[in-house]
Amino acid sequence: MRRWKKILTIVLDVVLGIYLVFAFTAFNKPDETANVCTKVTINIADETANGFINATKIQDRLEKHRLYPLEKPMKYVDARKIEDMLKTSPFVKNAECFKTQNGHVNISITQRMPVVRIKSINNDDYYLDDQDAIMPNSNYTSDLIIATGYINRWFATHYVSALSKTIMQDEFWKNQIVQINILPDRGVELVPRVGDHIVYLGYLPTSSNQQKRLALIQDFTKQKLTRLEKFYKYGLSQAGWNKYSYINLEFDNQIICKKREAQP
């Protein structure tokens, strides 16, 4: 008899436990069979600064794939599927989507950050982001550095990207340098915003190791631009910004300048 009472007690405990679990789950889970999505909120980080995508474009993309949740029953709104689809966009770095009990769907997006636009001599036209990845051309109009000349995609992702990131990290040079030009022998020229001259840096240091290559290019670029800044301050400020047409920084401890030809 005791044995049966013990078994009965265990069974009742198990049944009670299962009931409590289902009751708790049902209490906390939104009633998706009755709820319809009444509001969709799309938040895009750095929307003003980047400008590749906006809420309207995201809505259009979702509608195209029949995933826009507005007025759909909440039980048919698949947050994971929305995230996965948005991440396929070449302009989206990360996407998160979640549903609330009151019928709202919230979508948060982080954009990829462009650092340079490539317009090479072979008619390639695309962007590089801060992860050295290629982004397709778009109607993006922000004030980015443009890299021109003899640039294939390998050289762009391995070298031009590192050079551009170094320039963009410095507020002065970010605003002063408007163009990078790669010569046929891969020598590097810079075109400044102020001053009617070209700056020649020389050849970027090479390495097969990504981290070492980035460190070498950063150190190389900072040294060259520090010398150029001093020359701007103590040379061109006195001689005149338009006295020279070409400023060569290739060799250490010297700056070679080509005077502008006198106009007839």
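## An open sheet of three strands

In strand 3, the residue that bridges to Glu96 is Ser108. This pairing belongs to a predicted model. Strand 3 (residues 104–111) and strand 2 run antiparallel, and 7 bridges join them. As background, strands of a sheet pair through backbone hydrogen bonds, and the pairing is either parallel or antiparallel.

Strand 2 and strand 3 belong to an open sheet of 3 strands, in the order 1-3-2, with mixed pairing. Strand 1 (39–45) and strand 2 (92–99) are at the edges and have a single partner strand each, so one side of each has no neighbour in the sheet. From one strand to the next, the twist averages 15°.

## Helices across the sheet

Two helices can be described by the strands they lie across. Helix 3 (residues 55–64) lies across strand 1 and strand 3, and it runs at about 125° to strand 1. Helix 4 (residues 79–86) lies across strand 2 and strand 3, and its direction is at about 165° to strand 2.

## Strand 9 and its partners

Strand 9 (residues 187–192) is mostly covered, with 6 of its 6 residues buried. Gly187, Glu189 and Val191 point one way from the strand, while Val188, Leu190 and Pro192 point the other way; all are buried.

Strand 8 (residues 177–182) and strand 9 run antiparallel and are joined by 5 bridges. Within this pairing, Gln179 has Val191 of strand 9 as its bridge partner. The two strands form a hairpin with 4 residues between them, and Arg186 in the turn has a positive phi of about 70°.

Strand 9 also pairs with strand 10 (residues 198–203), in the antiparallel sense and over 4 bridges. Here the bridge partner of Gly187 is Tyr203 in strand 10. Strand 9 and strand 10 form a hairpin too, with 5 residues between the strands, and Gly195 in that hairpin takes a positive phi near 105°.

## Aromatic pairs

A search of the whole structure gives 6 aromatic pairs. One of them joins Phe155 and Tyr159: the ring centres are 5.4 Å apart and the planes are at 20°, so this pair is stacked. Planes under 30 degrees apart count as stacked. Both residues lie in helix 5 (residues 153–168), 4 residues apart, which is about one turn of the helix. Phe155 and Tyr159 are both buried.

Another pair is Phe172 and Trp173, which is edge-to-face, with 4.7 Å from centre to centre and 75° between the planes. How exposed is Phe172, and how exposed is Trp173? Phe172 has 40% relative accessibility and counts as partly exposed, whereas Trp173 has a relative accessible area of 3% and is buried. The cut-off behind these labels is that buried means under 20% relative accessible area.

## A cluster and two charges over rings

Phe155 and Tyr159 appear again in a group of three residues: together with Trp154 they form one aromatic cluster. The ring of Tyr159 also has a charge over it, as the charged end of Arg213 sits 5.5 Å from the ring centre.

Which ring lies under the charged end of Arg153? The ring is that of Tyr126, and the charged end of Arg153 is 4.6 Å from its centre.

Conventions:
Residues are numbered from 1 along each chain as its sequence is written. This is a predicted model: local features need pLDDT of at least 70, side-chain atom pairs count only at pLDDT 80 or more; totals for chains, interfaces and linings use all residues. Side-chain values use heavy atoms; hydrogens and water are left out. Rings of Phe, Tyr and Trp (its six-membered ring) pair if their centres lie within 6.5 Å; planes under 30 degrees apart count as stacked, over 60 as edge-to-face and the rest as tilted. Buried means under 20% relative accessible area, exposed over 50%, partly exposed in between (1.4 Å probe, protein chains only). A charge sits over a ring if NZ of Lys or CZ of Arg is within 6 Å of the ring centre and within 35 degrees of the ring normal. Two strands pair if DSSP finds at least two bridges between them. Axes are lines fitted to C-alpha atoms, for helices over the stretch in contact, and angles run from 0 to 180 degrees between N-to-C directions. Contact means heavy atoms within 4.5 Å.
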